[in-house]
Amino acid sequence: MFLLVFIGFLYYNSNKMNINNKKMCELYDRECIGCLECEICDLDSDKICDNCGRCLDIRDDAVIKIDRIIIDED
């Protein structure tokens, strides 16, 4: 969970900058006007996003099945 919050923090702080060094809006093609619409939870519009990951269906573990291993002998 900490990793998800940290990645979100890095993404938010590395937002695209325009030539006037102002942040660009995450949702619309304009400069950020501070409306904080990008901070609203996608599942509950009355809640500020806390990076819980429920909207992304993030799981703590994942399983992959390996059918075969191909080794290139060149």
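How many of the 74 residues of the chain, as a percentage, count as buried? In this predicted model, the share is 8%. The secondary structure amounts to one helix and zero strands. The exposed area of the chain is about 7,300 Å², and carbon and sulfur atoms supply 56% of that area. Among contacts between residues at least 6 apart in sequence, 19% join residues at least 24 apart.

The helix, α1, spans residues 2-13, and L27 is placed in the segment that follows α1. With a relative accessible area of 47%, L27 is partly exposed. Leaving out residues up to four places away in sequence, L27 touches E37 and C38. The contact with C38 can be followed in the backbone as well: L27 and C38 are eleven residues apart along the chain, and their C-alpha atoms are separated by 6.7 Å.

The cysteines deserve separate treatment. A disulfide is a covalent bond between the sulfur atoms of two cysteines. For a pair to be counted here, the two sulfur atoms must lie within 2.5 Å. By this rule the structure has zero disulfides. Why does C25 form no bond with the closest cysteine sulfur, in C35? The two sulfur atoms are 5.8 Å apart, and C25 is therefore too far from C35 for a bond. C32 is likewise in no disulfide; for C32 the nearest cysteine sulfur is that of C38, at 6.3 Å. The surroundings of these two cysteines can also be described by accessibility. C25 has 16% relative accessibility and counts as buried, since the limit for that class is under 20%. C32, at 45% relative accessibility, counts as partly exposed.

Another cysteine, C55, also belongs to the segment after α1. Its relative accessible area is 43%, which places C55 in the partly exposed class. Which residues are in contact with C55, leaving aside its neighbours within four places in sequence? They are D42 and L43. In the case of D42, the sequence separation from C55 is 13 residues, while the C-alpha atoms of C55 and D42 are separated by 6.7 Å.

Charge pairing is the next topic. Side chains of opposite charge can pair when their charged atoms come close. A search of the whole structure finds one salt bridge. Its partners are D50 and K47, whose side chains meet with an N to O distance of 3.7 Å. That distance satisfies the criterion, because a salt bridge requires the nitrogen and the carboxyl oxygen to be within 4 Å. Are the two partners buried, partly exposed or exposed? D50 is partly exposed, with a relative accessible area of 45%, and K47 is also partly exposed, with a relative accessible area of 23%. D50 is located in the segment after α1. Apart from its pairing with K47, D50 can be placed relative to E39: these residues are eleven apart in sequence and 8.6 Å apart in space, C-alpha to C-alpha.

Backbone geometry adds a further detail. Most residues other than glycine have a negative phi. Where does the model depart from that sign? One residue with a positive phi is L36, whose value is near 65° although L36 is not a glycine. L36 is found in the segment after α1 and, at 49% relative accessibility, counts as partly exposed. N51 also has a positive phi, of about 60°, and is not a glycine. This residue too is placed in the segment after α1, and N51 counts as partly exposed at 28% relative accessibility.

The description ends at the surface. Which residues make the nonpolar surface patch of about 530 Å²? The patch is made by I64, I66, I69 and I71. I71 lies in the segment after α1. With a relative accessible area of 65%, I71 is exposed, the limit for that class being over 50%.

Taken together, the model has one helix and zero strands, with 8% of its residues counted as buried. Its salt bridge joins D50 and K47, and zero disulfides are counted.

Terms used
Residues numbered from 1 in each chain as written. Predicted model: local features only at pLDDT ≥ 70, side-chain atom pairs only at ≥ 80, totals over all residues. Heavy atoms only, no water. Buried < 20%, exposed > 50% of the residue type's maximum accessible area, 1.4 Å probe, protein only. Helix = DSSP H or I, 4+ residues; strand = E, 2+ residues; numbered from the N terminus. Contact = heavy atoms within 4.5 Å. Areas by Shrake-Rupley, 256 points an atom, 1.4 Å probe, with all protein chains shown as cover. Patch = residues over 30% accessible without salt bridge, like charges linked within 9 Å, V, L, I, M, F, W, Y side chains within 5 Å.
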